[in-house]
Amino acid sequence: MDAHKRTVLLLIKSALTGALGGLLFGFDTAVIAGVTHSLQLHYALTEGQKGFTVAIALYGTVIGAIFSGPLGQRIGSRTALRIMGVLYVISALGCALALNWPMFLVFRFLGGLGIGGSSVLGPVYIAELAPAKWRGRLVGLFQINIVVGILLAYLSNAIVAHLVQGSSQWRIELGVGVFPAVLFLIMLLTVPQSSRWLVSQNRLDEAYRILAEFGSPDSKAEVDAMAESLRAEGGLAQHTLFQRRYGKLIFLAISIGLFNQLSGINAILYYLNDIYASAGFSSVSSAVQAVIIGLANLIATLIGISIIDRVGRKALLLTGAIGCCIALAGVAWVFHTGEHLALLLPLLVGFIFFFAVSQGAVIWVYLSEVFPTNVRAKGQSLGSSSHWIANAIIANTFPLVAVYSRSLPFAFFALMMIVQFFTVLFIYPETKGQTLEGMQAHLGLH
């Protein structure tokens, strides 16, 4: 095998390993959809307790997202991702074997820590490895893996529901998550630290070697550029994110995380089977339709990732906001009138398509590239935290609001997409084609 092929394979393997955290993120996010009803019966939960059972993982993701950024900057994203992998394994086993509801909540919370940490560390690790011309697509692998994880969760739930009946069904559905978690840990033992992180730690010889392995024509010049970028920003360790010069970047990070969830995406993914049940579909039919939703999610994400570096981040966000708004308004109308229930699946597929091709493809790429090197993990952590805080609040309240009005949540989500459209149109900068070191000048930080 020639040197170029080895370089490409190493880059792809490293990017896929970082992105595999996204698969676990997606699997743990969606697998709960197939077991909410069983958990409610098994533990005799009220609607509020069911919402809390779903949301407890999301409270964990908030904490994981907040603290994983500083952790990643201290020990490196790769090493920190290994900790997240251990949390995934413990959570999957613990949830499957939980003896009571409080124990289940503890293990689901630990899984949330892993999800939150992965959502910050995975994209940062990939972004710091990837050449500028490939960065959107390689960081996009993280989002592809999220939707692959969601599809695998829905598919495994449908298969287990078909093959297994009785009280053990939900335990098996949750326990399947052990297998990708173990694979993630094994893969993390075979990839290098990010060269940019090594430069931030003054481990220059290691950075030279890794850049050379990744095919850099002049690793010394690249290391010098990274070191100069860090010096210009005042050094890594003492730099704080919350200062006036980063005000716009902070707004971008918080708003893109909020809008991602104010679309209703995760409320729909978490409660998809319940949404179908409320429209009169059987549990088997709901599981099959969930797989269709997951498949549409994957196809649209692949399209979004394939065009993100050509079309740009902003155009995708604007197009997606319009499409999501129309589809969500349609779902609200179906539930409000109680008629044309057959439209529910195509409307939800349409929503998933427009979401995945836009926000789904853009969020982790955008967060990983707008911040300077020495606050990148902290900025990613901030955006991810706003995403997970909104997610937790919406997931906790969705069942309660839906009992009062099935149409109201979807009308609210549609309205938020209108707000997002104008926010992106007037405030968001385009970032395609910029190197991470050149991004600061592009955004007016020099």
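Contact here means heavy atoms within 4.5 Å. In this predicted model, local features need pLDDT of at least 70 and side-chain atom pairs count only at pLDDT 80 or more, while totals for chains, interfaces and linings use all residues. Residues are numbered from 1 along each chain as its sequence is written, and side-chain values use heavy atoms, with hydrogens and water left out.

**Overall make-up**

The protein has 20 helices and zero strands. Both kinds of element are DSSP runs numbered from the N terminus (helices: H or I, at least four residues; strands: E, at least two). Of its 446 residues, 61% count as buried. Buried means under 20% relative accessible area, exposed means over 50%, and partly exposed lies in between (1.4 Å probe, protein chains only). Among contacts with a separation of 6 or more, 82% are between residues 24 or more positions apart. One pair far apart in sequence is leucine 155 and valine 291: 136 residues separate them in sequence, but their C-alpha atoms are 5.7 Å apart. Leucine 155 belongs to helix α6 (residues 132-163) and is partly exposed, at 36% relative accessibility.

**Arginine 108**

Arginine 108 sits in helix α5 (residues 101-129). Beyond its neighbours within four places in sequence, arginine 108 is in contact with Asp28, Ile32, Thr53, Val54, Ile56, Ala57, Ser91 and Cys95. The residue is buried and has no salt bridge; aspartate 28, the nearest side chain of opposite charge, is 6.3 Å away. For charge, Lys and Arg count as positive and Asp and Glu as negative, with His and the chain ends not counted. What does the side chain of arginine 108 reach at 2.8 Å? The partner is the backbone oxygen of threonine 53. Cys95, one of the contacts of arginine 108, is itself buried, at 7% relative accessibility.

**Salt bridges**

A salt bridge is a side-chain nitrogen of Lys or Arg within 4 Å of a carboxyl oxygen of Asp or Glu. The structure holds three of these salt bridges, listed here with their N to O distances.

| Acidic residue | Basic residue | N to O distance |
|---|---|---|
| Glutamate 47 | Lysine 50 | 3.5 Å |
| Glutamate 206 | Arginine 203 | 2.8 Å |
| Aspartate 309 | Arginine 313 | 3.0 Å |

Glutamate 47 and lysine 50 both lie in helix α3, three residues apart, which is about one turn of the helix. An α-helix has 3.6 residues a turn, so residues three or four places apart point the same way. Glutamate 47 is partly exposed, at 29% relative accessibility, whereas lysine 50 is buried, at 7%. In the second pair, glutamate 206 is partly exposed at 29%, and arginine 203 is partly exposed at 33%. In the third pair, arginine 313 is buried, at 1% relative accessibility.

**Helices α16 and α19**

How many residues does α16 have, and what span should they cover at 1.5 Å a residue? Helix α16 has 25 residues, which should span 36 Å, and its end C-alpha atoms are 36 Å apart, in agreement. The expected span of a helix is 1.5 Å times one less than its number of residues. Just after α16, glycine 338 takes a positive phi of about 70°.

Helix α19 (residues 408-427) has 20 residues and reaches 29 Å from its first C-alpha to its last, close to the expected 28 Å. Its buried residues are Pro409, Phe410, Phe413, Ala414, Met416, Met417, Gln420, Thr423 and Val424.

**Positive phi outside glycine**

Two loop residues come under this heading. Histidine 340, which is not a glycine, has a positive phi of about 55°. Histidine 340 lies in the loop between α16 (313-337) and α17 (344-369) and is partly exposed, at 44% relative accessibility. Alanine 44, also a residue other than glycine, has a positive phi near 50°. Its place is the loop between α2 (36-42) and α3 (47-75). Is alanine 44 buried or exposed? Alanine 44 counts as exposed because its relative accessibility is 62%.

**Cysteines**

The structure holds zero disulfides, a disulfide being a pair of cysteine sulfur atoms within 2.5 Å. For cysteine 324, the nearest cysteine sulfur is that of cysteine 325, 8.8 Å away. Cysteine 324 is buried, at 0% relative accessibility.

Notes: Polar contact = N/O pair within 3.5 Å; in protein donor to acceptor, adjacent residues only side chain to side chain.
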